[in-house]
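Here's a quick tour of one structure, starting with a single chain and then moving to where two chains meet. Have the viewer open as you read.

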Amino acid sequence: MASTSMADQLEDAIEMMIAEPDSAPPQVDLKISELLGIAAKLRLLPDPEFRAELKAELLGQNHAVPVAANVDIRRQTREQGQARRDVKPDEILPTLFGAGDVNYPVHRGNFAISAAIHAALIAVVATAGLWMTRQTQLTPHTTSILLTDISAYVWPLSIDKSRGGGGGGDRDKLSESKGSLPRFAREQVTPPTIVVHNEQPKLPAEPTVVGPPALTPPTFQIGNPLSAILQLPSNGTGFGGGLGSGSGGGIGSGEGPGFGRGQGGGTGGGAYRVGGGVSAPRPIYDPDPEYSEEARHAKYQGTVLLSVVVGPDGRPRDIRVQRSLGMGLDEKAIEAVRKWAFEPAMKDGHPVAVQVNIEVSFRLY
Amino acid sequence: MKALEDENLTNQKDERLQVEAARQDPARFAELYENNFERVYAYIAHRVRNREEAQDATADVFHQALASLPRFEWRGSPFVAWLLGIAANVLSDRWQRVAKRQEVVTDDLEQVGMEDDIEQRAMLYQLVETLPDDQRRVIIRRFVGQKSLREIATELGRSEGAIKQLQLRALQNLRKRIRSNHG
C-alpha cells in the first residue's frame, strides 16, 4: 500500500515536471525527492532511435554531405519521426512530393523533368509501330544483276544464228570479186585471195576463213558471195589479207578472219557472247534505278530483263527490253543501266563487245 | 593506485588505436562513437533546455569530429576531451546565432559542479540500457516519448497501475545502480 502511495506521489511529481519543466520542483518526501532528481535528468534522456540513426548516418554517408546539409537532413528526419504516428496518405512517399527522405535533399523540379522524359519515352514506344509501318510502305528497294551464261564455246550450226565476222583486202582500187566462200575452219593458216601475188609458196596451204567447220560452201572460184564484181579479179579495198573492205584476213567489211560485218571470226555480225575464251564484263559503276511514282503508288513490283551490248570501251549500248514490267519501270531500268560502266569483256587479250542480260528487280518491303 | 594508473594507460592505448583505425577507415569511427556518445550528449544536455536541441548539437559534434579526425593530434588527453571541446564550440556557435541565449552560455560555463553533473547524466543514460526490458520500455516512453501512463498502458497491454509500479521500480533500480557505481 505504501508502495502504491509512493508510486502515485512520484507520478504526480513527474507529471508536473514534464508539463512545466521550468517550474520549481514540487514538495515531496525525501525518498521520492531523490527519485525525482533522477527523473529530472531523464527528462532529456536521448532517444535510442536518434542514437542509432546518427550512427548509421555517420558511417553510411562518410561525410560526402556538408555538415550544414546534415543538420537539415536531421531536422527532416526528426519531423518525419514525430509525424510517423499520424501519417497522412500523401506522406507515405514523401519524396514523391519533393519533401525528401532520410539522407538526401530532393528538388521538386527533378520530378517534373523525370516525368517529362518518361512521358516522351512512352510516347515514342507507343507510336513505334506506326513509324515502322510507314517506313515499309514508303521505301522501295531495287536491285540489278548482271546475268552471264558461262559455258564452253560452241560454234553455232546455222549462219543465221552465228555471230562475228571478218574482212580483208590488199588495198585494191576495186571491190572484191564475186565468188564462193572458202572452207570454214577453226583456225586460219592462209587467208583467201583472188589475185595471187605468190604463185609458188614454199608451204602451200588451203585458204580458209574462221567459222563453223560444219558449213561446207561450194568449191569453185573463191570470192565474196555478196560482191557485185563478176569479171575483174580483185582482193578488195581493205587490208591485212583476205577479201573485202575490212581487215584481218577474212572476207567482207568486218574485222578478223571470219566472214561478214562483225569481228573476230565467224559469220553473221553482232557482238560476242560470254564464254569460249570471251570473259564477262565486270560492272564497276552500277547505280540502282529509281522507283517510278506510278508503280510506287500502285505498290507494283517485279523484274525487268534488259539485253545490253557492252562495248570495248566498257559503255553499255543497244539496250533492249527483253521482259517488260510497265508502269514506267522499264524506262527507269534503262535510264539506270545506261549510266553503268564496265571493265570490258576480253578475248585474246583485247577488249571486245559482248552481249549480256541485266535483270533489274523492283521490290517494296 | 598503481592499478588505476595502469588501467588508465591501457584505456588510452586502446583509444589511440581506435583513433588510428578510424583515420584509416571512417567505418571504424563506430567504436569511438559508442564509447563517447553518452558523455558528449550529457555535456550538451546539461546546457540546453530540450531534447531536440541536444540531439541536433550532438549530431553536429560527431559530424565535425569525423570530418576533423585526420587533423586530430594526440596530446595525452582522452579523446572525449577533444570531443567536448568541439561540443563547446558547437554550442557557442549555435547560441551566437540566437542572441537571446548568449548570457545563458556564460552563466552555464561558470557553473560550479558541472563536471559531476555531466558524469552523473552520462552514467544514468548508460544505466537505462541495463534496466529490465519492461522497465526500460516504460522509462523511454515516459521520458523520451513523453506519453501518459494511460497511453503506455494501452501500448504495452498492461494496466495503468502496473505501468506506474514499473516506473517506480525503474527509478529505484537506477538509484541503486548509481549508488553501487559510486561505491
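## Surface of chain B

Accessible areas here come from the Shrake-Rupley method with a 1.4 Å probe. On that footing, chain B exposes about 9,900 Å², and carbon and sulfur atoms supply 45% of that area. Keep in mind that this is a predicted model.

## How chain B is put together

Chain B is a helical affair: its secondary structure comes to 9 helices and 0 strands. Walk along from the N terminus and the elements read α-α-α-α-α-α-α-α-α.

What share of chain B is buried? Of its 183 residues, 46% are buried. As for contacts inside chain B, take those between residues at least 6 apart in sequence: 63% of them join residues at least 24 apart.

## Where B meets A

On to the interface. How many residues take part on either side? Chain B puts 49 residues in contact with 43 residues of chain A. The size of an interface is often given as the accessible area lost when the parts come together. For chain B and chain A, that buried area is about 4,400 Å² between them, with 62% of it on carbon and sulfur atoms.

There's a polar side to the story as well. Across the interface of chain B and chain A, the rule finds 9 salt bridges, and it also turns up 14 residue pairs in polar contact, both partners at pLDDT 80 or more. Which elements of chain B supply at least two residues each to the side that touches chain A? They are α2 (29-45), α3 (51-68), α6 (114-128), α7 (133-144) and α9 (160-182) of chain B. Helix α3(B) gives the most to that side, with 12 residues. Sorted by type, the residues of the side of chain B that touches chain A divide into 25 nonpolar, 10 polar and 14 charged.

## A closer look around A:K41

One salt bridge to pull up in the viewer joins the side chains of B:D117 and A:K41, at 3.8 Å from N to O. A:K41 also turns up among the contacts of B:R121, a residue in helix α6 of chain B.

Is B:R121 buried or exposed? Its relative accessible area is 12%, so B:R121 counts as buried, the cut-off being under 20%. Leaving aside residues up to four places away in sequence, B:R121 touches B:A42, B:A45 and B:H46 as well as A:K41.

Definitions and conventions. Residues numbered from 1 in each chain as written. Chains lettered and ligands numbered in written order. Predicted model: local features only at pLDDT ≥ 70, side-chain atom pairs only at ≥ 80, totals over all residues. Heavy atoms only, no water. Contact = heavy atoms within 4.5 Å. Buried area = accessible area lost by both parts, 1.4 Å probe. Salt bridge = Lys/Arg side-chain N within 4 Å of Asp/Glu carboxyl O. Polar contact = N/O pair within 3.5 Å; in protein donor to acceptor, adjacent residues only side chain to side chain. Helix = DSSP H or I, 4+ residues; strand = E, 2+ residues; numbered from the N terminus. Nonpolar A, V, L, I, M, F, W, Y, C, P; charged D, E, K, R; others polar. Buried < 20%, exposed > 50% of the residue type's maximum accessible area, 1.4 Å probe, protein only.
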